[in-house]
Amino acid sequence: MALRRKVLKKYWKSFELKAKEFLANTSLQGMKYIWNSNLPNWVQLYFGKIFIVSVCVAINLAVNVFNKWQNTPVIIGYSPTTTSIQDIPFPALTVCNMNKAKYSKVASFRAGSLEYAMLQKTCFQDFNFTYYKSIKPRSKNDTFPNFILNVSHKCEEMIVSCKFGQKSIPCTDIFREVFVDEGLCCAFNFLHPYYLYKYSAPYVRDFTSSKGLSDIAVDWNPINGYPKHLPAGYYPRRGVGTGVSNGLQIVLNGHTDNYYCSSTNGQGFKVLLYNSIDQPKLKESGLPVMLGHETNFLLVPSSFEAMPNIRSIDRNKRQCIFNDEQELLFYKYYTRRNCEAECDAQYFHRLCDCIPYHLPLVHRNASVCHVAHFDCLNRAELQIVDRESAACKELCLTSCHDVSYFPDPFSIPFNQQGIRTANEYLKHFTTEYIRTNLAVVNFYYSDNYFRSKVKSSYTGLTEYMSLTGGILSLMVGFSVVFISELFYYLFLRYLLEYLHLWCSKRRNRVHAMYPNRS
């Protein structure tokens, strides 16, 4: 017992000697006053308490910095440089007629017939489809999309005059028929299916004019922008300039005399402005255009960019996805709306074993919903979402690089007495016909430049080390030199002493074995 106490006392003396040496020589502030036998005890105690409080405060502040680094990894700021409207496409535009069917086409349909059942679905009417569960298409062309195509207004009937950048253009060269959740609609400046979809699918219509007069389709996306070399005429088209005269003007004809049913409570049109690579969804978010009015949409573009340094941050913390981080089943380009459209397609396929005509065919062998599926579709639409679909959409974060357009609409009714207009097309009609059937719509920019929003790392590794190092240096004088001192006194010094002792013993052993050698 006495021997153990003697050994411990020896080690304690050695530790005390080295500790005092370390405290006297370290670069940490105030440490030389602690455990210094030349100073009164109260002085040593005073500086010891000050040091402990400083360390506690420094650790608390450093932990706060670390938590902020982890919990707020991304900050959104404005780009220091402005973006020209020439660097992005003019917004894609989809126009839908609220009248879902021509009266002249459907007036002869008998109640209880297959055509009548499809008409009720086209008009979004409450109808009992249980009787049609066992009905199969009579031929390959006997499909619901073909039925909609047959009874709906075509683009050449609905959009009767087009002007883009002070130049009159045949509407059939810039608008194409597309299927969306509102039925058959007309799309402008939409990315060509070859660049947008991974494979061709039924009911995806080509955007190239059959007369070969339209512009050449080119690829575009928010990250890479347009190709370096562009043809003389191409789409998605850029904006020409600012003001109504440099925007897009279209004249719409509602054909109220051929009205049958509406997707809303009245007549008119719906429009939606969106990114050229997005899946349009008009039923819930389309903006109304009234007949007998001139409606102006002032376009306010907005874009999001992301710095490369946020790629290392977990996507759930940065709340955005780079295009190459998540591959979609049907679309080549990732956007939140495209991702959610695929989730909806899988939801309906899972519940009804088919995919509605307006959603992407995420499985090549999947069938497009027909009359036999309508009863299941109605029940699925009432449920809207299940657990799997909700989990799928939770993964659909926004794109780190994105372009969006915010329309600011206002309408002016046509004059009751007489209409004097610069539009040549309107001059061919009476005032009464214009007020009841036609609508003029203008889409235009107000500014040539806008400022993008940039997502960047709020506190990167460099900033975190600077903040933490600054706190520790301020409170206790901590630095890299102190780490070197600590390493030396705790490890390196003992290692060197051991090596020196080992070399001395080896040298003595050699001299003992060979005493005659010098």
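This section describes the overall make-up of a predicted model, two helix pairs, and several individual residues.

The chain is built from 16 helices and 15 strands. Of its 518 residues, 44% are buried. Among contacts with a separation of 6 or more, 74% are between residues 24 or more positions apart. The chain exposes about 28900 Å², and 56% of this area is supplied by carbon and sulfur atoms.

Helix 12 spans residues 374-383, and its buried residues are Phe374, Asp375, Cys376, Leu377 and Ala380. An α-helix has 3.6 residues a turn, so residues three or four places apart point the same way. The buried residues of helix 12 pack against three other helices, namely helix 4 (114-122), helix 5 (144-151) and helix 11 (336-352). After helix 12 comes Ile384, which has a positive phi near 70 degrees.

The packing of two helices is described by the angle between their axes and the distance between the axes. For helix 4 and helix 12, the angle is about 15 degrees and the axes lie 12 Å apart. An angle under 35 degrees counts as roughly parallel, and helix 4 and helix 12 are therefore roughly parallel to each other. Their crossing is left-handed. On the side of helix 4, the residues involved are Ala117, Met118 and Lys121, which meet Phe374, Leu377, Asn378 and Glu381 in helix 12. Two of these helix 12 residues, Phe374 and Leu377, also belong to the buried set of that helix.

A second pair is formed by helix 11 and helix 13, the latter covering residues 387-394. The axes of these two helices come within 9 Å and cross at roughly 165 degrees. Because angles over 145 degrees count as roughly antiparallel, helix 11 is roughly antiparallel to helix 13. The crossing of helix 11 and helix 13 is right-handed. Helix 11 contributes Glu340, Cys343, Asp344, Tyr347 and Arg350 to the contact, while helix 13 contributes Glu388, Ser389, Cys392 and Lys393.

Gln346 is also placed in helix 11. This residue is partly exposed, with a relative accessible area of 28%. Leaving aside neighbours within four places in sequence, Gln346 is in contact with Leu329 and Val362. The C-alpha atoms of Gln346 and Glu388 are 9.4 Å apart, and the two residues are separated by 42 residues in sequence. Glu388 is one of the helix 13 residues that make the contact with helix 11.

Another pair of residues distant in sequence involves Lys317, which is found in helix 10 (residues 315-318). Lys317 and Pro73 are 244 residues apart along the chain, yet their C-alpha atoms are separated by 6.8 Å. With a relative accessibility of 42%, Lys317 counts as partly exposed.

Asn437 lies in helix 14, which comprises residues 431-437. The relative accessible area of Asn437 is 5%, and the residue is therefore buried, the limit being under 20%. The side chain of Asn437 is joined to that of Thr436 by a polar contact of 2.9 Å. When residues up to four places away in sequence are not counted, Asn437 touches Leu252, Asn253, Gly254, His255, Thr256, Asp257 and Leu291. Of these, Leu252 and Asn253 fall within strand 9 (248-253).

Several loop residues show backbone features of note. Tyr235 and Pro236 are joined by a cis peptide bond, with omega at about 5 degrees. Pro236 is located in the loop between strand 8 (234-235) and strand 9. In the loop between helix 4 and helix 5, Phe124 has a phi near 60 degrees, a positive value in a residue other than glycine. Phe124 is partly exposed, its relative accessible area being 31%. Gln166 is likewise not a glycine and has a positive phi of about 65 degrees. The position of Gln166 is in the loop between strand 3 (159-164) and strand 4 (167-168). The relative accessibility of Gln166 is 55%, and this residue counts as exposed because the limit is over 50%.

Conventions:
Residues numbered from 1 in each chain as written. Predicted model: local features only at pLDDT ≥ 70, side-chain atom pairs only at ≥ 80, totals over all residues. Heavy atoms only, no water. Helix = DSSP H or I, 4+ residues; strand = E, 2+ residues; numbered from the N terminus. Buried < 20%, exposed > 50% of the residue type's maximum accessible area, 1.4 Å probe, protein only. Polar contact = N/O pair within 3.5 Å; in protein donor to acceptor, adjacent residues only side chain to side chain. Contact = heavy atoms within 4.5 Å. Areas by Shrake-Rupley, 256 points an atom, 1.4 Å probe, with all protein chains shown as cover. Axes fitted to C-alpha atoms, helices over the stretch in contact; angles between N-to-C directions. Parallel < 35°, antiparallel > 145°, perpendicular 65-115°, else oblique. Left-handed = near helix turned anticlockwise from the far one by under 90°.
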